[in-house]
Amino acid sequence: MSTKLKIEEIAPGQVYEATFWANPVEGNAFRFRATHLDGRRAPKVVLCNDSKIRPGMPCLVRVAEITKADRPDRGAIVVEFIRPQDFKLEGVWLDPVISKKLQILLESGLNILLDGPQGCGKTTLARAIAKTLGMEFVFFNCGAVVEPTDFLATIQVRASASGAPVTDFVKTEVLEALERANEDSATRFLVFLDEFNRCHESARNSLMPALDATRRVFHPVKNAFIEIPDNVQFIAAVNRGAQFTATFGIDAAQLDRFAPLQMDYPPPEEEVKILLRKHNALAEPLVSKIVKLADKIRKAPELSASLSVRATDEACVFLEHPLLEGDQQRMLPEVLKSSFCGRFNGRWDDPHSDAGAVWGVIQSAMKEG
Ligand SMILES: Nc1ncnc2c1ncn2[C@@H]1O[C@H](COP(=O)(O)OP(=O)(O)OP(=O)(O)O)[C@@H](O)[C@H]1O
Ligand SMILES: [Mg+2]
């Protein structure tokens with residue numbers, strides 16, 4: 001619920017869930033501050049001083065006192081810490097053990113490396129973390145990075161009034177975020193470095209001081225180093241499926257600057273739930289069948305590539321469409337020829353190709369029923 005709580009609704013003794021951050025008001029007697037109670041905007045700041053509070057992690061608190069209840073512009077809701085709550089990420093399935101590790105890493109502020117096959121939810125997870133923790137999400141695709149400065153600025157050439165070419169530095173979202181983080185300590189930034197393994201190694205090396213205790217980067221426009229403050233959290237994603245082994249390329253020193261978390265596809269029952277949430281017009285047995293087939297393909301030892309949740313999602317998009325209404329069972333193999341086999345090398349009707357092998361897995365699984 002996003003409606004704002006009213007001061008009359010809050011009374012001492014009530015229990016709420018809240019997420020605290022370091023109080024940005026310097027010299028305040030309370031070290032921690034929250035703005036929401038049970039996900040609703042609180043009418044006054046929520047303050048607590050218990051050292052058991054972990055910034056960014058939800059916890060249960062009990063209202064102890066409301067100061068200056070009659071003054072809309074002042075006062076606070078003072079609370080007592082009861083216990084930490086489990087980290088809940090909306091719209092994303094995460095293995096419970098990975099979820100606990102993630103919670104610990106986010107508390108510690110360490111750089112995190114999400115390592116998992118294509119379409120297993122790395123980007124979805126990073127976005128959900130930012131949303132849950134009230135952080136500003138900064139998406140940066142490293143695939144296009146060639147030069148070390150590309151992380152922070154791109155060079156663009158334009159014509160001046162006289163017609164002579166002028167070069168401009170255009171700041172990337174990452175540099176904009178780092179500058180803002182230095183000016184605004186109350187806003188927290190999650191810088192997501194997607195496809196981190198795909199950028200040029202020398203470019204990745206230029207980020208090394210940003211990722212270790214040095215926490216600074218060279219600002220190519222100012223020609224000076226800038227600090228990376230604590231309100232910046234880095235999360236990188238790499239795709240280390242079998243087919244990417246040759247291009248993985250992150251060396252040990254670079255890897256060592258991250259805490260790696262291995263992700264995998266959601267278990268079939270969870271994938272069915274994810275798909276049914278998006279495609280609620282489809283019958284559960286049909287979605288289960290699609291996921292069961294995908295699971296068999298993912299486990300097939302002869303295939304080097306894998307099948308992402310995007311593939312099962314795409315099959316659902318087809319089958320949910322009114323054009324296929326009443327014809328879903330007959331059309332299912334046709335849909336899988338493109339949505340599943342089409343993601344592999346070769347053709348579904350060439351048994352010597354990967355696509356043909358996928359078709360073989362589909363056919364034998366369908367015969368089994
Ligand atoms: N664990 C998950 N929980 C919820 N949704 C998921 C999960 N995994 C995949 N999805 C769904 O599958 C789609 C692809 O996921 P996402 O883009 O996050 O994968 P990715 O691991 O970042 O893929 P890539 O390696 O190609 O970048 C998303 O639209 C999302 O809805
Ligand atoms: Mg991604």
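Visitor: Into which classes do the residues of the shell around ligand 1 divide, and how many fall in each?

Guide: In this predicted model, the shell around ligand 1 is made up of seven nonpolar, seven polar and three charged residues. Altogether 17 residues surround the ligand, and the closest are Trp 93, Gly 119, Lys 122, Thr 123 and Thr 124.

Visitor: Which elements give two or more residues to that shell?

Guide: They are helix H2 (122–132), helix H7 (268–278) and helix H9 (309–320), and among the contributors H2 gives the most, with three residues.

Visitor: How should I read a polar contact, and what distances belong to Thr 124 and Gly 119?

Guide: A polar contact is a pair of N or O atoms within 3.5 Å. Here an oxygen atom of ligand 1 is 2.4 Å from an N or O atom in the side chain of Thr 124, while a polar backbone atom of Gly 119 is 2.8 Å from an oxygen atom of the ligand. On the backbone of Trp 93, a polar atom lies 2.9 Å from a nitrogen atom of ligand 1.

Visitor: How much of the accessible area of ligand 1 does the protein cover?

Guide: In general, the size of an interface is often given as the accessible area lost when the parts come together. Ligand 1 has 630 Å² of accessible area on its own, and the protein covers 86% of it; the ligand sits in the second largest pocket.

Visitor: Where does ligand 1 lie with respect to the domains?

Guide: The domain assignment gives domain 1 (7–84), domain 2 (96–262) and domain 3 (268–368). Because domain 2 and domain 3 both give residues to the shell, ligand 1 lies between them. The C-alpha centres of domain 1 and domain 3 lie 48 Å apart.

Notes
Residues numbered from 1 in each chain as written. Chains lettered and ligands numbered in written order. Predicted model: local features only at pLDDT ≥ 70, side-chain atom pairs only at ≥ 80, totals over all residues. Heavy atoms only, no water. Near = heavy atom within 4 Å. Polar contact = N/O pair within 3.5 Å; in protein donor to acceptor, adjacent residues only side chain to side chain. Areas by Shrake-Rupley, 256 points an atom, 1.4 Å probe, with all protein chains shown as cover. 1 Å grid on protein atoms, 1.4 Å probe; cavity = no way out; pocket = protein on both sides within 12 Å on 5 of 7 lines; lining within 4 Å. Sits in = over half its atoms within 2 Å of the grid points. Helix = DSSP H or I, 4+ residues; strand = E, 2+ residues; numbered from the N terminus. Nonpolar A, V, L, I, M, F, W, Y, C, P; charged D, E, K, R; others polar. Domains from an automatic or database assignment.
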